[in-house]
Amino acid sequence: MDFSVLGPVTVIAGPPAAPIELPLGPAKRRSVLAMLLLRPNATVSVEQLITSLWEDEPPAHARTVIQGHVSRLRAVLAEGGAEDHGVELATHSSAYLLRIPESLIDTQRFDQLTAQASPESAPGEAVRLLRQALGLWRGPALTGTVASPPFAAAAHALEERRLSAVEALARAHKSLGEHEEAVRALHPAAVANPLREGLIAALMLALYRSGRQSDAIAWFHRTRQLLDDDLGVDPGQRLSAAYQEILRAAPEADGPRGGAESAGAPGPSGQPVPSAPSHQQSMAAAASAAAPVPELLPRPPAGFHGRGAELAELTRLTQGSAGPAQGGSGGYPQEGGIALLTGPAGVGKTGLAVHWGHAQAAAFPDGRLFADLRGFSGGEATVPAEVLREFLLALGTPAEQIPTSTEAASALYRSLAARRRLLVVLDNAGSSAQVRPLLPGGPHCATLVTSRSRLDGLIATDTARPVRLHALGTEDGAALLGALLGPARVAEDPEAARELVALCDGLPLALRAASAQLMARPRWRLARLATALRDERRRLALLSAEDTGVAAALRNSVARLSADDAQLLRALGTGFAREVNTAEAAALSGADPELIQDSLERLAEMHLLDEEATNRYVMSDLVKLFAQGDGSGRGEGSGGASGEPSQGA
């Protein structure tokens, strides 16, 4: 077995050839295990666990909750063969004890490896030991535990030990005369910890010894400015001593000069180049020169059809017009294009973004990144730190060099992307805040964000350009059916095909689900399915295919609503045909018209209503049928699907 806290809290069991991650359950249960792993073979009182698990006032039944988590942990560990490895979770009065061979815990192995390393007396062996130790890190320590002061303090202490190991690794490389290797070890940590003076001093000296004097001096001036701006203090002894050592060894270096990467030095165009940004970019360019070209896009959606105007708009917004002759820029927008693709559940936002990304592959020779942010997927949304880690790994950053904080990882990601032509697709976003750390920012990058919400904040602060995606028209919808079922099957009954498009509200997700029903029943004519779909009690159930369906997609949208907004949606589905205004909605609900107006606006923002004219809201047939359930989608016709399709969002 292998117990890990240097990254996500996990337990791995099974043979090395087929390891299995044990299901530890929710954050509080992981936190109980993490606290026991931080104090192996020592008792941890229930009071200590309560203090760690609840930042605010704990509930009256906190002890019972902890007992339940411990009981479940015992069962999970037993299923993983804990007894065979000498692992036992024991109870001692009002405390718990995890008996465990310390070699099974990554923190203990990390400490043993770093203690054995002697960077000055045995640098070659130290490099091996320290790289092995740092390789145990898989991200920020204690990921997945609750956000409480005890766990924050423990994570900080572990991070301090990691940074000390990084500095020791750099000293070992220095002893071997491998100054470029020392720079590679120190630079990501310095970016993530810009006020850690000892780390910056070591990086400055490593840069100088590798022949990069101007970069070393630029780091000093950048750090001095940060110390002054953030803390109001001057550089400390180690930082000042490193700077003086560089100046004494190179008396001609009275300031950051000597190349386009220095502070205030002229660049290729003769214009001054700011020290900090150009330094970060040059370091990132050097680090990523031989990095792989990431290709993370999902496969193209089968049978994609139409959307010519939207595809052209995405190209215009993200890449600029074809050339100055057409009155455009002839290249990328100055700030890097951000297109925000929005629309109701099932309208095909993801499919359009992925199709466009594959069609525009030649425009992005440095790679294409993709992340499902799971903003409307029914479970927990993806946190930016997880996506940044995947992106940095894809861009060639060694795992042990990925910064532990979201802010530092985002800064390194932007530096790596600054001079690349990258496409970044951020799918299924739940909020603007979730997206912002993942924006590459480089002028040659393009970003596509898809969401069911309008994400007005991203438009306001990051100049994202919205592209609203509407349902397919009758001809395009019928053509999609033909692409999925074969044109002959649609051609034999074109009227039924058009009726199917109408019954599916023109939603690609619904049309794909209908096609799945017909492909599973090759003897059915289109008219037979159309007849079945006319029954409103069965329509949503029929427009589901295993883990994919309109009801499931709508359920995930409604889950994001407040109780009052969900209640209003149910009332609208029951009380009106298709259209409603504020006064009518207020009369139906008995609430204040101003509050109802805000609620209607929120429903429109989530594309559960469409404001076709001022104060005139329209509800689609499928949303209306869904809303006529119990308000959560568990009513008549909600179907059995429980997931959201990656290409129907």
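Which residues are linked with Arg-131 in a network of salt bridges? Select Arg-131, Glu-181 and Arg-184 together: these three make up the network. Keep in mind as you click around that this is a predicted model.

**Zooming out for a moment**

The network is one place to see charged side chains pairing up. How many salt bridges does the count come to? The total is 25, counting a Lys or Arg side-chain nitrogen within 4 Å of an Asp or Glu carboxyl oxygen. The next stops are a few individual pairs.

**Stop: Glu-88 and Arg-99**

Select Glu-88 and Arg-99 and show the side chains. They form a salt bridge, with 3.0 Å between the closest N and O atoms. Now colour by secondary structure: Glu-88 sits in strand 5 (residues 88-92) and Arg-99 in strand 6 (residues 95-99), so the pair, eleven residues apart, links distant parts of the chain. Turn on the surface next. Glu-88 counts as partly exposed because its relative accessibility is 40%, and Arg-99, at 33%, is partly exposed as well.

**Stop: helix 12**

Jump to helix 12, residues 308-319, and pick out Arg-316 and Glu-313. Here the closest N and O atoms of the salt bridge are 2.9 Å apart. Why is about one helical turn the separation here? Arg-316 and Glu-313 are three residues apart in the helix, so about one turn lies between them. On the surface view, Arg-316 shows a relative accessible area of 48%, which makes this residue partly exposed. Glu-313 is partly exposed too, at 26%.

**Stop: Arg-454 and Asp-456**

Next, select Arg-454 and Asp-456. This is another salt bridge, and a distance label on the closest N and O atoms should read 3.3 Å. Arg-454 has a relative accessible area of 25%, so it falls in the partly exposed class. Its partner Asp-456 is also partly exposed, with 37%.

**Last stop: a cluster of aspartates**

Finish with Asp-228, Asp-229, Asp-230 and Asp-234. What do these four form on the surface? They gather in a patch of negative charge. Patch members have no salt bridge, so don't go hunting for one on these four aspartates.

Now centre on Asp-234. Where does Asp-234 lie along the chain? Its place is the loop between helix 9 (213-231) and helix 10 (237-249). And is Asp-234 buried or exposed? Its relative accessibility is 65%, and since the cut-off for exposed is over 50%, Asp-234 counts as exposed.

Conventions:
Residues numbered from 1 in each chain as written. Predicted model: local features only at pLDDT ≥ 70, side-chain atom pairs only at ≥ 80, totals over all residues. Heavy atoms only, no water. Patch = residues over 30% accessible without salt bridge, like charges linked within 9 Å, V, L, I, M, F, W, Y side chains within 5 Å. Areas by Shrake-Rupley, 256 points an atom, 1.4 Å probe, with all protein chains shown as cover. Lys, Arg positive; Asp, Glu negative; His and termini not counted. Charge placed at Lys NZ, Arg CZ, Asp CG, Glu CD. Helix = DSSP H or I, 4+ residues; strand = E, 2+ residues; numbered from the N terminus. Buried < 20%, exposed > 50% of the residue type's maximum accessible area, 1.4 Å probe, protein only.
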